[in-house]
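Subject: Structure handover

Hi,

Here is the structure for your files. Please have a look before you read my notes.

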Amino acid sequence: RSGTATDQALGMAQGELVNGRPDATAVVMVITDGKPSSAKRTLRASRKLQKQAKVVWLPIGRRAPVKLINMMAANPKRDHIVRFRDFKLMTNKRLINRVIGTSCPNLK
């Protein structure tokens with residue numbers, strides 16, 4: 001296995017930020033279930049993206065690079081990482097509410 005192109009995905013997400021509303025807070029959700037092909041490039045891309053957007057990491061399963069995600073995620077980690085044991089749990093209401101709450105803190 002060669003890994004995922006997470007660094008490229010982060011760069012593409014950053015490129016899409018120009019299409020957002022100027023008055024809205026940009027939020028990028030990164031769903032991953034595998035290790036990136038380059039941890040170094042992914043770390044660099046995530047730092048660059050975090051200058052423009054709140055990045056919420058959604059690692060799925062045992063193969064997700066949790067240690068790397070902990071290095072990349074902003075503090076507090078609880079507001080930037082929501083772990084899922086497997087893809088089936090992405091329909092779990094409690095976890096969905098946590099993802100929404102962390103990405104939309106002003107939601108009433």
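Below are notes on two helices and the nonpolar cores.

This is a predicted model: local features need pLDDT of at least 70, side-chain atom pairs count only at pLDDT 80 or more, and totals for chains, interfaces and linings use all residues. Residues are numbered from 1 along each chain as its sequence is written, and side-chain values use heavy atoms, with hydrogens and water left out.

Helices (H or I, at least four residues) and strands (E, at least two) are DSSP runs, numbered from the N terminus.

Helix α1. T6, D7, L10 and Q14 are buried (under 20% relative accessible area, 1.4 Å probe, protein chains only). Their arc, taken from the directions from the helix axis to the C-beta atoms, is only 105 degrees, so they sit on the same side of α1. The face turned away carries Q8, M12 and E16, which are exposed (over 50%). The buried residues pack against β1, α2 and β2.

Helix α2. T42, L43, A45, S46 and L49 are buried. They cover an arc of only 165 degrees, which puts them on the same side of α2. K40, R44, R47 and K48 are exposed on the other side. The cover over the buried residues includes α1, β1, β2 and α3.

Cores. A nonpolar core is a set of buried Ala, Val, Leu, Ile, Met, Phe, Trp, Tyr and Cys residues joined through side-chain atoms within 4.5 Å. The largest has 14 residues, and L10, V30, L49, W57 and M72 have the most contacts inside it. β1, α2, β2 and α3 each give two or more residues to this core. Another core, of eight residues, lies apart from it and includes L58, V82, L89 and V99.

Best wishes

Definitions and conventions
Contact = heavy atoms within 4.5 Å.
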